[in-house]
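Trainee: I'd like to learn how to read a model like this one, feature by feature. Can you walk me through it?

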Amino acid sequence: MNSTKKTETWNSNLGVVLAVAGSAIGFGNFLRFPGLAAQYGGGAFMIAYFTAFLLLGIPLSWVEWTIGRKGGSLGGHSTVSIFYLLSGKARWKYLGIAGVVATIGIAMYYIPLESWTIGYAWHTAMGDLQLQSAEEYGNFFAQYVGLTGDGDIFFGHGGQLIFFALAILANMYVIFRGVSKGIETFCKWSMPVLLITALIILVRVLTLGTPDATHPERSVNQGLGYMWNPTKTMLVVEGKEVEMVPAQATTAEKTAMMQKLQAGNPGKAVEDKQITLTQGLLNPEMWIAAAGQVFFSLSIGFGTVCSYASYVRRRKDIALSSLTANAANEAIEVGMAGMMIIPAAVAFLGVVAAAGCGTFGLGFNVLPQVFAAMPGGVIFGTMFFFLLFIGAITSAISMLQPSIAFLEEFWELRRVQSVALVAFLVTIGTLLVGWFTEGLMALDTMDFWFGTMFLYLTSCLFFTIFNYVWGTKNGLEELSQGAAIPLPPGLGFVLRWVTPGILLIIFGAWLYKNIFIQLSPQVTNLINCEPGALFPIVWVVMVALFFAFVIFTSRKFHKHTNPDDLNN
Amino acid sequence: MTIAGIITMLLSIGIVWGLFIVCCTKLVKSDKESDEES
């Protein structure tokens, strides 16, 4: 067997845990989770969420860590080499490209998002986001990210290109420093900073009370209720939640609220919507949403964790490390973001602003309004966008590492060469995403294909390798080596049947919704050859072909290996 | 916020922070032990 020599390892378990947690913590934790929990009613959603965490998140994470560490011990650090080393079949090298392409594809649109966070932090600090109306905030967001037209940000006056360049350089610098000196050191500093920043903002939010006495329904208490109450009554205007009926309100008070709302919205349908625990638990859509949130939030199943775990020493624990990284992600998502974002938005702008406005709408449109109205908002707003920046950069660097490792092992490039090559590939993709910004078409398309579709596919590949190529029993033995915690009984059954089953159900539901019921815009845009959808995808396809060429021309990992030899 | 809402919130936060603290404590201990061994 021909294998590359392992040159780097993590200095400590804590280092890899912080790096994996950093990879997972991002926009989904702070902006997506609170919206979903509020939408489905805190109680029912959290039951589904924790069930998905136990049966999908933790097992899938263990699978990826196990494959990664085993692959690393054999000299592989990307899904391409690791899949080959574990299967002994040359075709798995080409299937493994999926893990490298998915991550570099995600990095191409994650870096522009990262640049938004730096830009918003800067503009908040400079006082540029003290605007007069919701419409002005909407316009600022549209102009800043280029919703107004393709190429607009290249000629805008918001310094977008400078922040773009800064984001690319920051990522490349950390990656260039290497796994231990770069990623580990950066995460060891940045993750505690993220935690402290989040804590400061959380304390500020929880002490806001009722900022405007003329709007008693806009309070932190009401926001927490909207987020966490398992049973609640919402007032809905033409399908959009605009107000929550206080729990102690009488029928007469509720009727009065509806009449007032109707008077303010003449000609529009005003209804009340009951959200209950039982109704939520019987709603399959909510279970799929909760499972999807756990799956995407933990950033597992697409090759970054596998690459990180390949630098863990053979006899070091991975069972507890994986669980700790997941727990850190959950502590930030549920334990902090769950009490921070929605309550702040409701306290200043009411339920109507916080409900159903989507990840970017909440983060870059609603929250700047909240910070502008908050005492000390310039400081807290700047801190918040800085916090998002840390979340974004720790995620983005994890998505670059698999490509770097792949080029280093197959073409035996030095670090500076592999970083330069990946920087070139990513920068072109990033510029395409940055150019085709009208309606955020390029970003949406990339997120649809690489942040969602490929994620399901690569997760399926991980389970196929683990259960059917390598063998569940062998995988479990590997996971238990050096484990600092005992593995739960019945884990083999869960890994072989339950977790893949859940994964297939949510993948099936996603396909049903986006392909079979009605083609999603991201698919139709591609079929119609819209440049904003086509060019970024063509570029990633070219990158994938280039990676296939790298494998084809490489003399590394070219001999077949007997998988049985790997279990010793 | 209702009593049920408070219970849901505290329970959820308790579970995630409890898990995180227990895992971190065990991990730091395990790191120290392996350092001593080496």
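Mentor: Sure. Start with A:Glu64, which counts as buried because 32 C-beta neighbours fall inside 10 Å. Keep in mind that this is a predicted model.

Trainee: Where does A:Glu64 sit, and which residues does A:Glu64 touch?

Mentor: A:Glu64 belongs to helix α3 of chain A, residues 42–73. Leaving out residues up to four places away in sequence, A:Glu64 touches A:Ile300, A:Gly301, A:Val305, A:Cys306, A:Ala309 and A:Phe462. There's a long-range pairing here too: the C-alpha atoms of A:Glu64 and A:Gly303 are 7.7 Å apart, with their positions 239 residues apart along the chain.

Trainee: Next, helices. What span should α7 of chain A have, and what do its end C-alpha atoms give?

Mentor: Use 1.5 Å a residue: the 17 residues of α7(A), 160–176, should then span 24 Å, and the end C-alpha atoms are indeed 24 Å apart.

Trainee: And how do I work out which way a helix faces?

Mentor: The general idea is that an α-helix has 3.6 residues a turn, so residues three or four places apart point the same way. Now the case at hand: the buried residues of α7(A) are A:Gln160, A:Phe163, A:Phe164, A:Ala167, A:Ile168, A:Asn171, A:Met172, A:Val174 and A:Ile175. Their arc around the axis is only 165 degrees, which means that they lie on the same side of α7(A).

Trainee: What do those buried residues pack against, and what is on the face turned away?

Mentor: The buried residues pack against α5 (91–125), α6 (134–145), α8 (179–206), α17 (377–410) and α18 (415–435) of chain A. On the face turned away from the buried side you'll find the exposed residues A:Ala165 and A:Leu169. Look just past the helix as well: A:Gly178 has a positive phi of about 100 degrees.

Trainee: Which residues other than glycine have a positive phi?

Mentor: Two to look at are A:Glu412, with phi near 50 degrees, and A:Leu440, with phi of about 50 degrees. A:Glu412 is in the loop between α17 and α18 of chain A, while A:Leu440 is in the loop between α18 and α19 (441–480).

Trainee: Are those two buried or partly exposed?

Mentor: A:Glu412 counts as partly exposed because it has 13 C-beta neighbours inside 10 Å. A:Leu440 has 19 such neighbours, so A:Leu440 counts as partly exposed too; the cut-off for buried is 20 or more.

Trainee: Now strands. In what sense do β1 and β2 of chain A pair?

Mentor: For strands in general, the side chains of a regular one alternate between the two faces of the sheet. Here β1 (232–237) and β2 (240–245) of chain A pair in the antiparallel sense, over 5 bridges. To get the register, find A:Met234, which stands opposite A:Met244 in β2(A). The two strands form a hairpin with 2 residues between them, and A:Glu238 in the turn has a positive phi of about 45 degrees.

Trainee: Last one: what does chain B look like, and how many of its residues contact chain A?

Mentor: Chain B has 1 helix and 0 strands, and its C-alpha trace spans about 55 × 10 × 5 Å along the principal axes. Of its 38 residues, 29% count as buried. As for the interface, 20 residues of chain B contact 29 residues of chain A. The chain B side of that contact consists of 13 nonpolar, 5 polar and 2 charged residues.

Notes
Residues are numbered from 1 along each chain as its sequence is written. Chains are lettered from A and ligands numbered from 1 in the order in which they are written. This is a predicted model: local features need pLDDT of at least 70, side-chain atom pairs count only at pLDDT 80 or more; totals for chains, interfaces and linings use all residues. Two residues are in contact if their C-beta atoms, placed from the backbone, lie within 7 Å. Ala, Val, Leu, Ile, Met, Phe, Trp, Tyr, Cys and Pro count as nonpolar, Asp, Glu, Lys and Arg as charged, and the others, Gly among them, as polar. Helices (H or I, at least four residues) and strands (E, at least two) are DSSP runs, numbered from the N terminus. The expected span of a helix is 1.5 Å times one less than its number of residues. A residue is buried if 20 or more other C-beta atoms lie within 10 Å of its own, exposed if 12 or fewer, and partly exposed in between; C-beta atoms are placed from the backbone. The arc is that of the directions from the helix axis to the C-beta atoms. Two strands pair if DSSP finds at least two bridges between them.
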